[in-house]
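This briefing introduces one sheet and its surroundings to a reader new to the structure. Please keep the sequence and the model at hand.

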Amino acid sequence: MSRAGTKLDSKKVFCMKNILRYDENLYIINSELFTLTYGALVAQLLKDYENVEDVNKQLERMGYNMGIRLIEDFLARTGSGRCYDFRDTAEKIQTGFKIFLGITPTITNWSAAGDEFSLCFEANPLTEFVELPDHCLNLKYCNVLIGVLRGACEMVQMEIACWFVQDQLKNDNVTELRIKFIKRLEDAIPAGED
Amino acid sequence: MLNRVKLRRSLAGPAKVRINEINREALIIEGTPLNKLGITRSYGKAFLGLGRLYLSLDSTLAVKKQMAHSTTQSPIEKATLYVLSSEAKLMYGMLFSIKSFVSKISPLDPKEGFLYYKTSKYTLHYLETPSGLKFVLNTDNVTQNARELLQQLYREVYLEYVVKNPLCQLNEPIQSELFKLKVDELFKKSPLFLSRSI
Amino acid sequence: MAVCVAVIGKDNSPKYIRCVDESSALQFHCKVHTSIDIIEEKLNVGNKAATDIRDLYLNLLYATEEYKIYGYATNTKIKFIIVLHSSNVSLRDNDVKMIFKKLHAAYSNAVCNSFYIPGDQLNSRQVQSI
Amino acid sequence: MRQQIIDTKINLHASGEADECLFEYLHAEMVNYALSKSCKNKEGEEELSRLEWMGFSVGYRIIERLTREWNRFKDELDMIKFICTDFWSSLYHKQIDNLRTNHHGVYVLQDNSFRLLNKVGTNSNKQYLQETPRLLSFTCGLLRGSLANLGIISTVNAEISTLPSCKFHVQVQRI
């Protein structure tokens with residue numbers, strides 16, 4: 001094969017405009033792009049950090065950063081106002097999952113004080129193809145979700161804590177995410193206001 | 001809360017709003033004129049301070065989470081965003097005070113907070129998202145219902161070109177040129193602007 | 001039902017072979033290896049002459065008295081091979097094709113597991129479920 | 001066995017579909033991460049290899065799925081065309097606007113409004129031009145990975161002259 005000219009023909013090979021073909025798979029594939037990208041990220045983190053705990057922490061941190069942007073997206077799309085109470089918050093979080101991940105987790109196991117509840121996932125696009133290898137049993141694959149929730153709630157002046165109770169990747173029946181209300185954050189006082 | 005706003009130095013510029021003017025016709029909070037709410041004179045006074053304070057700022061401000069557009073004279077030419085730290089702080093203080101004032105005099109938890117106030121010279125429209133972003137738009141008194149426009153600004157411009165721009169940090173002043181451009185576009189195609197320029 | 005299923009990688013090394021009857025596994029390994037050559041041949045012909053086999057399904061590769069062997073190759077040069085009993089007449093061509101499609105789907109799901117490094121042996125539960 | 005085919009399909013829908021914006025946010029975070037890991041290194045070059053590698057890994061896997069219902073490709077050009085049309089529109093909602101080649105293994109794919117760039121800037125200003133390579137590195141890897149799985153070993157570079165358009169130079173390595 002001759003490699004005569006690396007100079008390009010100026011002539012266009014194709015005009016792409018008229019071959020457009022959208023199919024119904026498009027959005028599913030888009031979702032796969034996200035799923036796979038997340039998978040690649042987790043794999044990269046496992047390579048970069050020796051300690052699985054550090055990977056979990058890093059995922060949470062990245063989730064937090066995504067959360068503070070996602071909340072704006074959520075508010076702009078839904079036009080929703082402030083939450084009346086924590087139950088309202090729970091429903092809004094549920095809506096958020098519906099919008100962004102296309103899943104509707106069930107809200108269960110309210111604590112008596114009404115400051116703690118669980119979200120149960122039957123399925124989760126994040127883990128769609130994932131099978132955890134044996135050496136990563138401490139890995140919290142979906143830890144990014146925890147970060148997202150923490151970041152998003154913090155932006156609407158709410159401090160929460162959340163953690164995984166059950167995880168399908170570890171052969172539990174459902175994935176259960178526990179969310180606890182910690183406190184209301186006060187409106188920030190103007191910077192430099194003395 | 002009101003004493004949070006301090007005039008640290010006298011600002012140059014006209015202070016044309018008088019206390020009786022405010023009491024008579026200005027300051028509408030959530031559609032209710034102040035005097036109907038039984039607001040006392042002292043509150044009015046406080047607002048005079050605020051009004052004057054704000055009137056002297058004829059430019060647009062953006063600090064931290066704040067954006068303001070001055071459309072008092074020629075709507076778009078002035079819609080530039082920049083940081084003026086001392087003025088911005090004062091502005092923030094004023095909005096903060098009005099907000100807490102409104103929530104205090106409201107019998108129920110106000111859903112939307114304060115929407116706009118009006119003086120004899122200009123109207124200030126205000127939109128605050130639950131995440132604490134504040135959008136401020138100054139218009140003349142003819143313009144009504146700028147709220148939808150502010151929401152559009154949030155939804156179609158801020159979200160798209162700031163939140164979704166990975167190079168924009170949310171806790172820094174917005175520097176994106178594209179954002180500026182889109183703000184400009186949005187306002188130019190807005191019916192509020194078109195109806196004024198005909 | 002199929003008596004043997006094999007997944008062959010890009011470099012023609014077997015990635016996964018499973019036989020119904022483990023005792024005769026060696027025999028099937030041989031058959032699978034022979035069929036790789038046939039697949040290669042088919043693919044090459046497709047490249048040179050314009051008589052292209054555009055379909056991923058390669059049909060019956062060859063038949064012996066005892067077995068029928070079917071092949072399938074993906075765009076990414078992964079080959080799937082299925083061995084059937086000759087006596088098995090209940091599975092028609094279309095059925096075999098369906099099995100391949102399903103195998104392909106399972107394979108691509110396995111590849112999408114971010115913990116799977118392409119080229120390694122397959123040991124995904126999903127593939128094994130077939 | 002047939003039963004199972006149906007099963008996987010149902011599963012696919014039940015497991016939900018991530019909204020497209022998630023990818024953008026995630027991508028932004030990955031860029032940040034890649035940059036944070038490389039600050040020890042002053043060179044602006046090594047720093048993006050992580051991103052490129054993640055892209056490669058995604059491309060390698062996703063092409064397996066995207067070509068599943070696709071007939072066998074005739075030749076290299078056929079594959080590149082596939083990348084420009086179906087592949088690109090699946091991932092980035094639009095096709096490549098312009099493809100040029102010298103017919104000797106160099107392909108230039110031009111996207112006039114690349115999804116990861118069109119929120120960043122316009123051609124009227126040069127702002128952020130410096131920072132953009134980091135936003136393209138992932139996609140370079142994605143292209144390289146996809147082509148690699150199709151059997152084309154290549155190097156991919158990105159070039160930006162005016163936002164939000166960009167060009168990907170694919171240089172095929174002949175053995």
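The points below concern strand β5 of chain C and its neighbours.

The model is predicted: local features need pLDDT of at least 70, side-chain atom pairs count only at pLDDT 80 or more, and totals for chains, interfaces and linings use all residues. Residues are numbered from 1 along each chain as its sequence is written, while chains are lettered from A and ligands numbered from 1 in the order in which they are written.

**The sheet**
- In chain C, 5 strands (DSSP E runs of at least two residues, numbered from the N terminus) make up an open, antiparallel sheet ordered β2-β1-β5-β4-β3.
- β2 (14-19) and β3 (57-63) of chain C each have a single partner strand, so one side of each lacks a neighbour in the sheet.
- From one strand to the next, the twist averages 15° (axes are lines fitted to C-alpha atoms, and angles run from 0 to 180 degrees between N-to-C directions).

**Strand β5 and its partners**
- Of the 7 residues of β5(C) (residues 79-85), 6 are buried (20 or more other C-beta atoms, placed from the backbone, within 10 Å of their own), so the strand is largely enclosed by the rest of the structure.
- Strand β1 (residues 2-8) of chain C pairs with β5(C) in the antiparallel sense over 6 bridges (pairing requires at least two DSSP bridges), and Ala6(C) has Ile81(C) as its bridge partner.
- Strand β4 (residues 67-73) of chain C runs antiparallel to β5(C), joined by 7 bridges; Tyr72(C) stands opposite Phe80(C), and Ile69(C) opposite Val83(C).

**The hairpin**
- β4(C) and β5(C) form a hairpin with 5 residues between them, and Lys77(C) in the turn has a positive phi of about 65°.

Technical notes: A residue is buried if 20 or more other C-beta atoms lie within 10 Å of its own, exposed if 12 or fewer, and partly exposed in between; C-beta atoms are placed from the backbone. Helices (H or I, at least four residues) and strands (E, at least two) are DSSP runs, numbered from the N terminus.
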